[in-house]
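Work through the exercises below with the structure open beside you. Try each task before reading its solution.

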Amino acid sequence: MKEIIIDGEKIEAKSQVNELFVNELGFPEYCGNNLDSIGECLDELKTPVTINYINRERMKLKFGRFATVLSQMLKLAAKHNDNITYNESK
């Protein structure tokens, strides 16, 4: 099982979140352009993955609403796709 860590302490640009999914899950480049396209690619994911979103509050300080929308999108993806396990910490 693949594990992805989105660490709000280490992320310095929104584009790093997109790059993470493209690089770690082999998503096509177009899936990294915005959160909606990442969500669509996650809905179609066939291999098991655990996504850990840590230091969310730090991410929120840096990027505001983006951090909240990211959290909502990942929760929804995990709800719709049994191959995704999602964990979050403030």
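A residue is called buried if its relative accessible area is under 20%, exposed if over 50%, and partly exposed in between. The model used here is predicted.

**Exercise 1. Classify Phe-27 and Phe-21, then describe how their rings are arranged.**

Step 1. Phe-27 has a relative accessibility of 8%, so Phe-27 counts as buried. Phe-21, with a relative accessible area of 0%, is buried as well.

Step 2. A pair of aromatic rings is described by the distance of the centres and the angle of the planes. For Phe-21 and Phe-27 the centres are 6.5 Å apart and the planes make an angle of 10°.

Step 3. Planes under 30 degrees apart count as stacked. The pair of Phe-21 and Phe-27 is therefore stacked.

**Exercise 2. Find the arrangement of the rings of Phe-63 and Phe-66.**

Step 1. The ring centres of Phe-63 and Phe-66 lie 6.1 Å apart, and their planes are at 75°.

Step 2. Planes over 60 degrees apart count as edge-to-face, so this is the class of the pair Phe-63 and Phe-66.

Step 3. Phe-63 is buried at a relative accessible area of 16%, and Phe-66 is buried at 15%. The count of aromatic pairs comes to two.

**Exercise 3. Compare the span of helix 4 with the expected span, and locate its buried and exposed residues.**

Step 1. Helix 4 covers residues 65-80, which is 16 residues. From first C-alpha to last, helix 4 reaches 23 Å, close to the 22 Å expected at 1.5 Å a residue.

Step 2. The buried residues of helix 4 are Phe-66, Ala-67, Leu-70, Ser-71, Met-73, Leu-74 and Ala-77. They lie on the same side of helix 4 because they cover an arc of only 165° around the axis.

Step 3. Arg-65, Lys-79 and His-80 are exposed on the other side of helix 4.

Step 4. The elements against which the buried residues of helix 4 pack include strand 1 (2-7), helix 1 (14-25) and strand 3 (84-88).

**Exercise 4. Describe the surroundings of Asn-81.**

Step 1. Asn-81 sits in the loop between helix 4 and strand 3. With a relative accessible area of 5%, Asn-81 is buried.

Step 2. The Asn-81 side chain reaches the backbone nitrogen of Asn-83 at 2.8 Å and the backbone oxygen of Asp-43 at 3.4 Å.

Step 3. Setting aside neighbours within four places in sequence, Asn-81 is in contact with Leu-42, Asp-43, Glu-44 and Leu-45.

Conventions
Residues numbered from 1 in each chain as written. Predicted model: local features only at pLDDT ≥ 70, side-chain atom pairs only at ≥ 80, totals over all residues. Heavy atoms only, no water. Helix = DSSP H or I, 4+ residues; strand = E, 2+ residues; numbered from the N terminus. Expected span 1.5 Å × (residues − 1). Buried < 20%, exposed > 50% of the residue type's maximum accessible area, 1.4 Å probe, protein only. Arc of directions from axis to C-beta. Contact = heavy atoms within 4.5 Å. Polar contact = N/O pair within 3.5 Å; in protein donor to acceptor, adjacent residues only side chain to side chain. Phe/Tyr/Trp six-rings, centres within 6.5 Å; stacked < 30°, edge-to-face > 60°.
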